[in-house]
Amino acid sequence: MKLNFLYSNIQADVAAIEEELRLAVKSEQAPLVEEAALQLLNAGGKRIRPIFVCLTARLGNFQWNQVEQAAVAVELIHMASIVHDDVVDDADVRRGLPTIKSKWGNHVAMYTGDFLFAKSLEYMTKIANLEAHQVLSKVTVELAVGEIEQLRAKYDFEQNVRTYLRRIKRKTALLIAASCELGGIVAQLDPKLHRKLFLFGYYVGMSFQITDDVLDFTGSEKTLGKPAGEDLRQGNVTLPVFFAMEDKAFRAKLHQISETTTKEEMTPFIEAIKASGAIAKSEAIAETYLQKAIGILDEFPPSKELKPLKQIVQFLDKRKY
């Protein structure tokens, strides 16, 4: 993720968090788990969640060590969910590199995910604020429920859009929302303001996931780090698919898709979705969520610290990966 538009002090914060993440996954007792976790860390990532912790904390009075602990904790939760996701999806590639599951097997992957969750708890113990713990624990429960919902809904082409929106809320939006609110909590903002930050993050998170679902069809394998249409091949029904399913003939053909479907066999489905207008409709909904997020920021007192938050929303609106 290009961070050139962020202030130099924010870039320094992100670099410090990256280094702390490396320290977090070190384990003399379990070197194999450390190696596996480092592989995921080295694969990179947008670090959007810790960035939001840093940015929202700057709206109030913060102590860096508290911000860093919260930022590392939310990213560790995200990393853990990725590792478990790859096991459930039987995914071999993540960000262009072999997944932990494909390199070391399901057992190591599951224990690595558990290790990352546990390290997140360890970092949160350094934050002496009950509300911060409540926010993150509730969101982690919802995240797990969202993963189960996704598993149960695989290859279910009769589900509705409301089910999809509820699922991405739990899987993606709420952790981004919690990241934004945690920044406000550790910065001791008025409770009304950090609740607004939660709503801001929720809108951003919904847009973020819808954009990811669009990119699954419009992005290249090189950019995505996985084959185009992989989500659909894995049975995940996303917003572009819902719009494309308005064509009953296309809906009927979807039942041909399974985990054994090849990349070549997926091509006609991808092209049909692109030709249906589903991409533009999905992008419009993602844009609506981002505009709602900007509207929340406009409710805050004018501050130079709001500028990078608005800039990052603009970046997410235009991103291609």
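Of the contacts in this predicted model with a separation of 6 or more, 75% join residues that lie 24 or more positions apart. With that in mind, here is a walk through the rest of the protein.

The chain forms 16 helices and 2 strands. Its radius of gyration is 19 Å, close to the 20 Å that the globule rule gives for 321 residues, so the protein is as compact as a globular protein of that length. If you look along the principal axes, the C-alpha atoms fill a box of roughly 55 × 50 × 35 Å.

Now to the inside and the outside. Buried residues account for 54% of the 321 in the protein. As for the surface, carbon and sulfur atoms hold 53% of an accessible area of about 14600 Å². Charges are present too: 41 are positive and 42 negative, and the mean positions of these two groups are 4 Å apart.

One helix is worth a visit in the viewer. Helix 4 runs through residues 64-88, and 22 of its 25 residues are buried, leaving the helix mostly covered. From first C-alpha to last, helix 4 reaches 36 Å, close to the 36 Å expected at 1.5 Å a residue. What follows helix 4? Asp90 does, and its phi is positive, near 55 degrees.

Here are some values for the protein as a whole:

| Property | Value |
|---|---|
| Radius of gyration of the protein | 19 Å |
| Box filled by the C-alpha atoms | roughly 55 × 50 × 35 Å |
| Distance between mean positions of positive and negative charges | 4 Å |

Notes. Residues are numbered from 1 along each chain as its sequence is written. This is a predicted model: local features need pLDDT of at least 70, side-chain atom pairs count only at pLDDT 80 or more; totals for chains, interfaces and linings use all residues. Side-chain values use heavy atoms; hydrogens and water are left out. Helices (H or I, at least four residues) and strands (E, at least two) are DSSP runs, numbered from the N terminus. The radius of gyration is taken over C-alpha atoms; the globule rule is 2.2 Å times the number of residues to the power 0.38. Buried means under 20% relative accessible area, exposed over 50%, partly exposed in between (1.4 Å probe, protein chains only). Contact means heavy atoms within 4.5 Å. Accessible areas come from the Shrake-Rupley method with a 1.4 Å probe; for residues, only the protein chains shown count as cover. Lys and Arg count as positive and Asp and Glu as negative; His and the chain ends are not counted. The place of a charge is taken as NZ of Lys, CZ of Arg, CG of Asp or CD of Glu. The expected span of a helix is 1.5 Å times one less than its number of residues.
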